[in-house]
Amino acid sequence: MKILIIGGGNMGLTYAQSFLRSHITSKEDMMILEKSAGKAEALSKKDIGTVYSRPEDCLEQADLVIFAVKPQDSGTLFKSLKPMIDAQQVFLSIMAGVRISTIIESLGVSKVIRAMPNLPAQIGMGMTAFTSSDDVTRIELVMVQNLLNTTGKTIYVEKEEAIDAATAISGSGPAYVWFFMKSLMDAAREMGFSYSESELLVSQTFRGAIELFNKTDFTCEEWIDKVCSRGGTTEAALATYNQNLVRDDIISGANAALKRAVELGSGK
Ligand SMILES: NC(=O)c1ccc[n+]([C@@H]2O[C@H](COP(=O)([O-])OP(=O)(O)OC[C@H]3O[C@@H](n4cnc5c(N)ncnc54)[C@H](OP(=O)(O)O)[C@@H]3O)[C@@H](O)[C@H]2O)c1
């Protein structure tokens with residue numbers, strides 16, 4: 001199966017490297033179309049497949065075409081591709097907010113899969129939600145899911161609206177975690193720790209808490225109960241967070257991200 005990745009930036013490169021590292025495809029079957037001359041040259045040096053700068057040199061050979069350009073570049077890209085498209089090709093888009101119906105109408109195709117990955121895909125720890133148009137066959141869907149699985153975990157969602165919701169939770173989610181980490185690092189600095197000590201204290205705490213959560217069947221509430229002793233330090237911190245409605249703020253933030261994802265999808 002020949003794969004063409006259009007856009008060799010952060011995500012395009014991550015995908016090419018993940019697919020090759022997992023041996024799910026070979027360099028001979030990997031093509032990258034990149035319009036930026038500087039990035040194209042850097043990609044050529046990485047030896048991760050054949051790098052092209054013109055769609056007419058590569059599009060026709062592709063069984064699967066992956067769109068990894070910024071959403072605002074999609075209109076121009078679709079116009080340039082349309083005359084060369086084969087309706088039997090399968091298209092995978094990771095562009096935030098670009099709807100399946102837009103891709104189908106702009107290109108005159110029917111087999112479209114839309115996915116929302118996140119940045120930890122760079123180290124094989126990503127979380128991707130994906131869905132597909134009706135014409136994508138089961139075999140094609142499994143083939144694409146196998147590719148996506150090389151970047152971390154995946155979840156298939158029936159309705160496209162769930163992709164917007166996943167954007168608000170897992171797509172933007174790493175930034176929420178880093179925001180909490182940064183706040184706790186700021187507290188550590190105020191308490192007298194150096195910058196590197198603060199980083200170590202906080203990053204290892206997050207890592208340990210997540211590993212513990214993943215390796216057991218306890219819920220977050222049950223783990224919180226285990227750390228909290230009555231009248232103790234953790235209880236004092238959580239009482240302050242509850243009083244300040246931190247949980248509600250986190251939910252409002254995620255809902256603001258969802259609202260924005262929906263707006264972007266309708267072209268606002
Ligand atoms: N980064 C993330 O964490 C993340 C997470 C989920 C989804 N996504 C989605 O992934 C997509 C790519 O994001 P990114 O961060 O990888 O962007 P990026 O680093 O800017 O990469 C996009 C690349 O595509 C090139 N390009 C633009 N138009 C092209 C065309 N017509 N033909 C060939 N190449 C073209 C760009 O070149 P120029 O620089 O010259 O324009 C750039 O090198 C976006 O749609 C984004 O919504 C990203």
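This report covers the overall build, the strands, the nonpolar core, the ligand shell and some single residues of a predicted model.

## Overall build

The protein has 268 residues, and buried residues make up 31% of them. Its secondary structure comes to eleven helices and eight strands. Taken along the principal axes, the C-alpha atoms fill a box of roughly 70 × 40 × 35 Å. Among contacts with a separation of 6 or more, 62% are between residues 24 or more positions apart.

## Domains

The domain assignment splits the protein into domain 1, residues 3-158, and domain 2, residues 173-265. Their centres, taken over C-alpha atoms, are separated by 34 Å. Seven residues from domain 1 and five residues from domain 2 take part in the contact. On the side of domain 1 that touches domain 2, four residues are nonpolar, two are polar and one is charged.

## Parallel strands

Strand 4 spans residues 64-67, and both of its faces are covered. Leu64 and Ile66 lie on one side, Val65 and Phe67 on the other, and all are buried. Strand 4 pairs with strand 1, residues 3-6, through four bridges, and the two run parallel. In this pairing, leucine 4 stands opposite valine 65 of strand 4. Strand 4 also pairs with strand 5, residues 90-93, in the parallel sense over four bridges. Here leucine 64 stands opposite valine 90 of strand 5.

Strand 5 in turn is joined to strand 6 by three bridges, and these two strands run parallel. The bridge partner of leucine 92 in strand 6 is isoleucine 113. Strand 6 is mostly covered, with five of its five residues buried. Val112, Arg114 and Met116 point one way from strand 6, while Ile113 and Ala115 point the other way. The charged residue Arg114 is thus listed with the buried residues of this strand.

## Nonpolar core

The largest nonpolar core has 51 residues. Those with the most contacts inside this core are Leu4, Ile5, Ile6, Ile66, Phe67 and Ala68. Helix 1 gives the most to the core, with five residues.

Leu4, Ile5 and Ile6 fall within strand 1, residues 3-6, and Ile66 and Phe67 belong to strand 4. Not counting residues up to four places away in sequence, alanine 68 touches Ile5, Ile6, Gly7, Gly9, Met11, Gly12, Tyr15 and Ile94.

## Shell around the ligand

The ligand has 26 residues around it, and Gly7, Gly9, Ser36, Met95 and Ala96 come nearest. This shell divides into 13 nonpolar, eight polar and five charged residues. Helix 1, residues 10-21, gives the most to the shell, with three residues.

Helix 1 therefore has a part in two groups: helix 1 gives the most to the shell around the ligand, and helix 1 gives the most to the largest nonpolar core. Gly7 and Gly9, which are among the residues nearest the ligand, are also among the residues that alanine 68 touches.

## Proline 117

Proline 117 lies in the loop between strand 6, residues 112-116, and strand 7, residues 126-132. Proline 117 counts as buried because 24 other C-beta atoms lie within 10 Å, and the cut-off for buried is 20 or more. Not counting residues up to four places away in sequence, proline 117 touches Met11, Ile94, Gly126, Thr128 and Thr151. Met11 and Ile94 are also touched by alanine 68.

Proline 117 and phenylalanine 179 are 62 residues apart in sequence. From C-alpha to C-alpha, these two residues are 19 Å apart in space.

## Positive phi outside glycine

Aspartate 47 has a phi near 55 degrees, a positive value in a residue other than glycine. Aspartate 47 lies in the loop between helix 2, residues 37-45, and strand 3, residues 50-52. Aspartate 47 counts as exposed because it has 8 C-beta neighbours inside 10 Å, and exposed residues have 12 or fewer.

Leucine 245 also has a positive phi, of about 55 degrees, although it is not a glycine. This leucine is found in the loop between helix 10, residues 233-243, and helix 11, residues 246-265. Leucine 245 has 11 C-beta neighbours inside 10 Å, so it counts as exposed.

Terms used
Residues are numbered from 1 along each chain as its sequence is written. This is a predicted model: local features need pLDDT of at least 70, side-chain atom pairs count only at pLDDT 80 or more; totals for chains, interfaces and linings use all residues. A residue is near a molecule or strand if its C-beta atom, placed from the backbone, lies within 6 Å of it. Domain bounds come from an automatic or database domain assignment. Two residues are in contact if their C-beta atoms, placed from the backbone, lie within 7 Å. A nonpolar core is a set of buried Ala, Val, Leu, Ile, Met, Phe, Trp, Tyr and Cys residues joined through C-beta atoms within 7 Å. Two strands pair if DSSP finds at least two bridges between them.
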